[in-house]
Amino acid sequence: MVQLVISASQFQSQVVDLLPCNKRQKSQLIYSMLESYGLLECFDHIIDVPSCQRKDLEKFHSKDYLNVILDEQLNWNPQIDGNEDQLMELRKAWNDITTSNEASKPDFKTYSELLHYYRDHIEVSEHNKKRTALEAELSDVESGDEVTRRSTLAKFNLLDDCPIFPYLPLYCYVSTGATLSLAQYILEGSERTIAINWDGGRHHSMKTKASGFCYINDIALLIMTLRRGGVDRISYVDFDLHHGDGVEKAFKYSKQVQTISLHMYETGFFPCSGSLEDNSSGKSIVNIPLLHGLDDSTLQDIAKRIIVPSISKHQPNVIVIQCGGDGLKGDKYSEWQLSIKGLTSTITSLIEQFNCHIVLLGGGGYNNLLMSRFYTYLTWSICHQYASEYSTPIDDLIQDHCYSDLYSPEQFKFWYYDQETSGGSLKNYNTTAYIEDLIKNIPLT
């Protein structure tokens, strides 16, 4: 028997979409698609109001860094609170013409409503609300030195790709709590668990700074929680286009935690790490640096000849998989050409081959309409294999739901990006000779 667990709700998706790179859409599109296909009904446990405390975050991140990003003054902004959520009108129109129970579910017109709902359902620690002198200085520009303020923000990399944004503390507690909430089902359960949080997977964040749209490293915190709970060995596998540098660095010296990352590795490509030279002789760090144009067949070959043997050698009790989708055809990066079916097949093959607990987390992916399809199909594939309830099949056309109109420029086709060829295919520089050379230089035995 397998128990299926997921952290997902309208509340969670609206909070997570505060993240600027989500463009106030990504998580809500994913959640709505999961609901429209009846996939949430396949799960044994659904976490709908996830949370964590500052003390949980302090187990990995520095106090000085948390002082800045968890400043309670950031949980209020009159300008953003004056605007309705961008997808609100679509939801309202849908509920006006349907007889579904959507209207009876919590829906939030302003971001302050999200905060109040969270506080009504969660016991918020007083320590979470307390402001330090540093926080006060950072929050009040008029009373402080702007040069000093920017210097402090730069110290924690809270400029450029990781700016301070309204309700950042709420975002951190909810998005990280969604991942950490999965751990209890693994630690307390007696059967194999497959646990999911498509809003997690923030693999770039470091102990003392933000990086690459990642503020809290929920992956590192999850792994630390599992280790403290008695899990002997954990394998982490990262399918994101970018190197999982934050997770690798967090467990660089651990023999119990194995980090495997396959990623684009070319001069100047963020985060400019993850070379073969960084691999450890003890096989706890396995970097698979790849080039432009990676396709499905090459990915499957890499999984079969590198990833599976590496995991088998480690013999983990839990496998944590970061399912970033920025290597898919249709993503804005256009560096790899993986299909939804191809990447899903590679991920699910790992789940099938290793009879241990599995945690699936989200990650990169910057075409929101594409990502909603990917995580829906990946969830459907898992439910189809392991759930007792049968969900709606994935047909050629997207299931009708409140955000359907957003898919009209793509003719409502579910497989639009897998089948779309007008842009042509990329040249795959990951040749047979290149892959053979990788295998020679990665210690597998």
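The legends below describe several views of a predicted model.

**View 1. The whole chain, with its 19 helices and 8 strands.**
Along its principal axes, the C-alpha trace spans about 60 × 50 × 45 Å. A compact globule of 445 residues would have a radius of gyration near 22 Å, and the chain agrees with this because its own value is 21 Å. Buried residues account for 60% of the 445 residues. Taking contacts between residues at least 6 apart in sequence, 80% join residues at least 24 apart.

**View 2. The open sheet of 8 strands.**
The strands are arranged in the order 2-1-3-8-7-4-5-6, and their pairing is parallel. At the edges are strand 2 (45-47) and strand 6 (285-290), each of which pairs on one side only. From one strand to the next, the twist averages 10°. Strands of a sheet pair through backbone hydrogen bonds, either parallel or antiparallel.

**View 3. The pairing of strand 1 with strand 2.**
Strand 1 covers residues 2-7 and pairs with strand 2 over 3 bridges, in the parallel sense. One residue pair to look for is Ile6 and Ile46: Ile46, in strand 2, is the bridge partner of Ile6.

**View 4. Helix 2 and its cover.**
How many of the 11 residues of helix 2 (residues 26-36) are buried? The number is 10, and the helix is mostly covered. The buried residues include Leu29, Ile30, Met33 and Leu34, and also Lys26, Ser27 and Gln28. Among the elements that cover the buried residues of helix 2 are strand 1, helix 1, helix 6 (88-97) and helix 17. Just after helix 2 comes Gly38, with a positive phi of about 70°.

**View 5. Gln14 in helix 1.**
Helix 1 consists of residues 10-16, and Gln14 is part of this helix. Is the residue Gln14 buried or exposed? Gln14 has a relative accessibility of 1%, so it counts as buried; the cut-off for buried is under 20%. A polar atom of the Gln14 side chain lies 3.0 Å from the backbone oxygen of Phe108.

**View 6. Helix 13, largely enclosed by the rest of the structure.**
Helix 13 (residues 218-228) is described as largely enclosed because 8 of its 11 residues are buried. The buried residues are Asp218, Ile219, Ala220, Leu221, Leu222, Ile223, Met224 and Leu226. Gly230 follows just after helix 13 and takes a positive phi of about 105°.

**View 7. The largest nonpolar core and a second, separate core.**
In soluble globular proteins, nonpolar side chains tend to be buried together. The largest nonpolar core here has 77 residues, and Phe239, Ile288, Ile307, Ile347 and Leu360 have the most contacts inside it. Which helix gives the most to this core? Helix 17 (residues 368-386) does, with 11 residues. The second core is separate and has 65 residues, including Tyr65, Cys172, Ala220 and Ile234.

**View 8. The surroundings of Phe239.**
This view leaves aside the neighbours of Phe239 within four places in sequence. Phe239 is in contact with Leu262, Leu299, Ile307, Ile321, Trp336, Leu343, Ile347 and Leu350, among others. Its contacts also include Gln322, Gly324 and Thr346. Phe239 and its contact Ile307 are both among the residues with the most contacts inside the largest nonpolar core.

Technical notes:
Residues are numbered from 1 along each chain as its sequence is written. Side-chain values use heavy atoms; hydrogens and water are left out. A nonpolar core is a set of buried Ala, Val, Leu, Ile, Met, Phe, Trp, Tyr and Cys residues joined through side-chain atoms within 4.5 Å. Buried means under 20% relative accessible area, exposed over 50%, partly exposed in between (1.4 Å probe, protein chains only). Helices (H or I, at least four residues) and strands (E, at least two) are DSSP runs, numbered from the N terminus. Contact means heavy atoms within 4.5 Å. A polar contact is a pair of N or O atoms within 3.5 Å; within protein, one must be able to donate a hydrogen and the other to accept it, and residues adjacent in sequence count only if both atoms are side-chain atoms. Two strands pair if DSSP finds at least two bridges between them. Axes are lines fitted to C-alpha atoms, for helices over the stretch in contact, and angles run from 0 to 180 degrees between N-to-C directions. The radius of gyration is taken over C-alpha atoms; the globule rule is 2.2 Å times the number of residues to the power 0.38.
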